[in-house]
Amino acid sequence: QVQLVESGGGLVQAGDSLRLSCTASGGTFERSALAWFRQDPGKGRTFVSAISWDGSRTFYGDSVKGRFTISRDNAKNTVYLQMNSLKPEDSAVYYCAASSTLPSYYRGDYVWPDSFDYWGQGTQVTVSS
């Protein structure tokens, strides 16, 4: 059974940093795109960042560009989200996700998967002002 487990959330002050981790088990994810999403209470889940299967390509939501960095260690089946210069509006439950879509390319460009099929339970990040 595929399982994703997030860790690293907590309560911090504005301007602080946190690093989230997500470790996968029960499956092989070295060929999977991985991503982070977040969800505020009463709101939908929003995209934060994604990383290609080999780590060569990354993608960020506009609100976190320049502050967050996604990375992965395939040997450890783990994806990370380094969050710097945190703001109160970054407060949310953060979820990691994995896609079951195998890597694909179009004219040499990596094609991001259009869905993520496996999800963790989430880790709370709270940023106080």
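In the predicted model, L18 makes contacts beyond its sequence neighbourhood with G8, G9, G10, V12, L81, Q82, M83, L86 and V125, where residues up to four places away in sequence are not counted. The residue is placed in strand β3, and its relative accessibility of 14% falls under the 20% limit, so that L18 counts as buried. With respect to F59, L18 is separated by 41 residues in sequence, and the C-alpha atoms of the two residues lie 19 Å apart in space.

Strand β3, which spans residues 18-25, also contains C22, whereas C96 belongs to strand β9, which spans residues 92-98. These two cysteines are joined by a disulfide with an S to S distance of 1.8 Å, and the structure holds 1 disulfide in total. Because C22 and C96 lie in strands β3 and β9 respectively, the pair ties together parts of the chain that are 74 residues apart in sequence. Both C22 and C96 are buried.

A further buried position is found at D90, in the loop between β8, residues 78-83, and β9. The relative accessibility of D90 is 1%, and the residue is therefore classed as buried. When residues up to four places away in sequence are left aside, the contacts of D90 are with R38, R67, F68, S85, V125 and V127. V125 thus appears among the contacts of D90 and also among those of L18.

With regard to the secondary structure as a whole, the chain comprises 13 strands and 0 helices, and the order of elements along the sequence is accordingly β-β-β-β-β-β-β-β-β-β-β-β-β. Of the contacts in the chain with a separation of 6 or more, 59% are made by residues that stand 24 or more positions apart.

The overall dimensions were examined next. For 129 residues, a compact globule would be expected to have a radius of gyration near 14 Å, and the value of 14 Å for the chain agrees with this expectation. Taken along the principal axes, the box filled by the C-alpha atoms has dimensions of roughly 45 × 35 × 30 Å. Buried residues account for 40% of the 129 residues in the chain. The exposed area of the chain is about 6900 Å², of which 47% is supplied by carbon and sulfur atoms. As for the charges, the chain carries 12 positive and 12 negative ones, and the mean positions of these two sets are 2 Å apart.

Backbone torsions at two loop positions deserve separate mention. Most residues other than glycine have a negative phi. At N77, in the loop between β7, residues 68-73, and β8, phi is nevertheless positive, with a value near 55°. A positive phi, of about 50°, is likewise present at R107, which is not a glycine; R107 is placed in the loop between β10, residues 105-106, and β11, residues 109-110. As regards solvent accessibility, N77 has a relative value of 24% and therefore counts as partly exposed, while R107, at 75%, counts as exposed.

Definitions and conventions: Residues numbered from 1 in each chain as written. Predicted model: local features only at pLDDT ≥ 70, side-chain atom pairs only at ≥ 80, totals over all residues. Heavy atoms only, no water. Disulfide = S-S within 2.5 Å. Helix = DSSP H or I, 4+ residues; strand = E, 2+ residues; numbered from the N terminus. Buried < 20%, exposed > 50% of the residue type's maximum accessible area, 1.4 Å probe, protein only. Rg over C-alpha atoms; globule rule 2.2 N^0.38 Å. Contact = heavy atoms within 4.5 Å. Areas by Shrake-Rupley, 256 points an atom, 1.4 Å probe, with all protein chains shown as cover. Lys, Arg positive; Asp, Glu negative; His and termini not counted. Charge placed at Lys NZ, Arg CZ, Asp CG, Glu CD.
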